[in-house]
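Student: Could you pick one small part of this protein and take me through it closely? I'd like to see how it ties in with the rest.

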Amino acid sequence: MPKNTKVTQREHSNEPVTESVADLLSLEHPMDYKSSQMSMGLSPGSTAPGRSLLPEQDAEDGRPAWNNKLEYILAQVGFSVGLGNVWRFPYLCQKNGGGAYLVPYFILLLLIGIPLFFLELAVGQRIRRGSIGVWNYVYPQLGGIGVSSLMVCGFVGLYYNVIIGWSIFYFFQSFQYPLPWAECPIRKNGTQAIVEPECEKSSATTYFWYRQTLNITSTIDETGGLNWKMTLSLLVAWILVCLAVIKGIQSSGKVMYFSSLFPYVVLFCFLVRGLMLKGSVDGIAHMFTPKLEKMLEPQVWREAATQVFFALGLGFGGVIAFSSYNKRDNNCHFDAALVSIINFVTSILATLVVFAVLGFKANVMNEKCVVENAEKILGYLNTGVLSRELIPPHINFSHLTAQDYSEMYGVIKTVKEDSFGQLGLDPCILEDELNKGTGLAFIAFTEAMTHFPASPFWSVMFFFMLINLGLGSMIGTMTGITTPILDAFKIRKEILCVVCCIIAFLLGLLFVQRSGNYFVTMFDDYSAGLPLTVVVILENISVAWIYGTKRFMQDLEDMLGFRPYTFYYYMWRYVSPTILVVLIVATVIEMSVSPAGYNAWVEEEGSERFHSYPPWALAMAYALIVVAMLPLPIVFIARHFNLVSDGSNKLSVSYRKGMMKDISNLEEQDEQRFILGKNPSEAPSPMPAHRAYLGPGGTQEMTNTNYGTSTKTGYQNIGSPESEL
């Protein structure tokens, strides 16, 4: 560049330089396209003349960058693959028709999952900001999208880390033999030793969860004070999260090597071990036996859509934040497909593991049922209540199988039809045990592990896996919170992370009261579902309908070097918004029809009972929805009536030495107007000549596109109006 140009003079001065919004938002800082890789046809690994490569930072804007592509992929996988893949997916699969559930899930993964995941990756990578900055740029009046994402991240992070705290508590309790939840505790009553009544009415694992771990109260109205064991576990969980996030993506990327890969090692070990257990095949066969009639139920499709939605972490801001640290020519289309497929395969792997173990557990419980009822029958035979003629001659009570018991049960039920109910015999059907579902991880799986040989080892491995899965998701959630704040304010990263974690721990004390589990249920039901769905549909609309699908497709072609499939054009513009609207309507209908409440633990009965929320708790639940979505109308109204600035005329950035590119072909007066952003309408386009994307099948060519001709600003207004296309 000539040394006497005004650009060079500004570069060496200490004044901040302002560039046109069109230039900044198109993310093509004044650039020498003659030496770019695309125009020169350089290979991806080669370097254009005059460009410096910084291993840890982007050479154009100083933004931190991933050390390598693998770390980034592992971070996205760690964020999207979480506890929901291990428990929620298998539960929904079992509940909604087994193998038949996989069909709607996979269809919806293609229709809304991958397209919207690709959209978030693309806008984050192109605009290189967190969720707040991205949506401010796309359409300032919908800048509240990013704020709502941040608030939902905060709500979810508060209770999600409590679950990690539970896993930490169980992890340390697992270093015992026998496991502390293997048997009911014995209470001494004078000279007599009796089994704890609450435990005897439920089970050893259920008692350990509700009484030893949570020490839960009977209603949400009784706080019961802090549970100090859970408080310390929560503190450890927040310390781990803070240490993982505090150094930024360079350190978290290294953490992801372990936290993202270790769960797969454990899942594979559990699968091998599970397949060696008696009855595991019964569980897997039950899981994959399709109940095709279920596919016709709307509820199955709604739950499949919700699971796809949450499985990929859409709307949280973590996907956008991670992607914003990529180089602008990164193939985010490949990333979207790869991470989505890994997520789906992980869900299938976890489902195989869960149902193999539950098949084993169901066989153990069914054998226990057979033994107990066989003893009842022997007692009736000895007392003459039942005649020995009712027992088939080939049945041997010392080696009684489930089939033998079923045959004997059928005969007795047929003969003693009138008085059969008084005998109190159970049918002991394996299918009934399998249909009881997966249950809570801290009850169902812990009970199964008590029957494993070397049970403490498997318990340690399992809960260490849960901690890693949870931390991977929490790192993404915290990144979704800190990245927008760091983009907007000059704050030291370390200080922000520590302050956020301290505040979150203090707020999280709500969940480690003795009644805290009820608040975890409330936040899980109300703080994320509806607000996140609204956030994602607004993301979709702002890109596909306000900014314009055709312009966005053209931007992707410029950024990636190839035109994305026209499949995405139709998904973003028509299919995905329609499905999301249906999902929102279905969610609202379900909330209005289903009673609002929680399952409370009744100590005297040793079981759960549904309770409706008291008025204050119901108000709190709905307040979570309102607070999460409140930034959307507030920001829209404030910017629509110009109550706050949306940065519509200029945006200041400080350039580092060597950032400016050669634009000496501009005339001096136009150059000054372009850099200072005084008159964007007269500024020449920073973009090279390219072919406009005319929609599916479009072939028409065009010359230079004039970016910046609109009177408004934001990423939305960089090109021609959508109606002109």
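Tutor: Let's start with Cys428, which counts as buried because its relative accessibility is 8%. Buried means under 20% relative accessible area, exposed means over 50%, and partly exposed is anything in between, worked out with a 1.4 Å probe on protein chains only. Keep in mind that this is a predicted model: local features need pLDDT of at least 70, side-chain atom pairs count only at pLDDT 80 or more, and totals for chains, interfaces and linings use all residues. Residues are numbered from 1 along each chain as its sequence is written, and side-chain values use heavy atoms, leaving out hydrogens and water.

So where does Cys428 sit? You'll find Cys428 in the loop between α18 (420–423) and α19 (430–434). Those labels come from DSSP runs numbered from the N terminus: helices are H or I runs of at least four residues, and strands are E runs of at least two. The backbone does something unusual here. Most residues other than glycine have a negative phi, yet the phi of Cys428 is positive, near 55°.

Cys428 also has a partner. Together with Cys369 it forms a disulfide, with the sulfur atoms 1.9 Å apart; the cut-off for calling a pair of cysteine sulfurs a disulfide is within 2.5 Å. In chemical terms, a disulfide is a covalent bond between the sulfur atoms of two cysteines. The torsion about the S-S bond of Cys369 and Cys428 is -80°, a left-handed link. Cys369 belongs to helix α16, while Cys428 is in its loop between α18 and α19, so the bond ties together parts that are 59 residues apart in sequence. Both cysteines of this pair are buried.

How does that compare with the rest of the cysteines? The whole structure has two disulfides. The other one joins Cys184 to Cys199, with an S to S distance of 1.9 Å. It is left-handed too, because its S-S torsion is about -80°. Since Cys184 lies in the loop between α8 and β2 and Cys199 in helix α9 (residues 197–201), this bond connects parts that are 15 residues apart in sequence. Cys184 is partly exposed, at 23% relative accessibility, whereas Cys199 is buried at 1%. If you number the bonded cysteines in sequence order, the pairing reads 1-2, 3-4. Cys242 is in no disulfide: the nearest cysteine sulfur, in Cys501, is 3.9 Å away. Cys242 is buried as well, with a relative accessible area of 12%.

Now for what surrounds our cysteine. A nonpolar core is a set of buried Ala, Val, Leu, Ile, Met, Phe, Trp, Tyr and Cys residues joined through side-chain atoms within 4.5 Å. The largest such core here has 172 residues, and Phe270 and Trp572 have the most contacts inside it. Helix α8 (residues 144–173) gives the largest share, 17 residues. Cys428 isn't listed there: a second, separate core of 19 residues includes Cys369, Leu386, Leu400 and Cys428. So both ends of our disulfide are named in that second core.

Finally, follow the partner's helix, α16, to other places. Leu349 lies in α16 too and is buried, at 17% relative accessibility. Leu349 touches Tyr264, Leu267 and Leu271, leaving aside residues up to four places away in sequence, where a contact means heavy atoms within 4.5 Å. Tyr264 is 85 residues from Leu349 in sequence, but their C-alpha atoms are 8.9 Å apart in space.

Just before α16 (332–383), Asn330 sits in the loop that follows α15 (318–323). Asn330 is buried, with a relative accessible area of 11%. Its side chain makes a polar contact with that of Lys69, at 3.0 Å. A polar contact is a pair of N or O atoms within 3.5 Å; within protein, one must be able to donate a hydrogen and the other to accept it, and residues adjacent in sequence count only if both atoms are side-chain atoms. Besides Lys69, Asn330 touches residues including Tyr72, Gln125 and Leu560.
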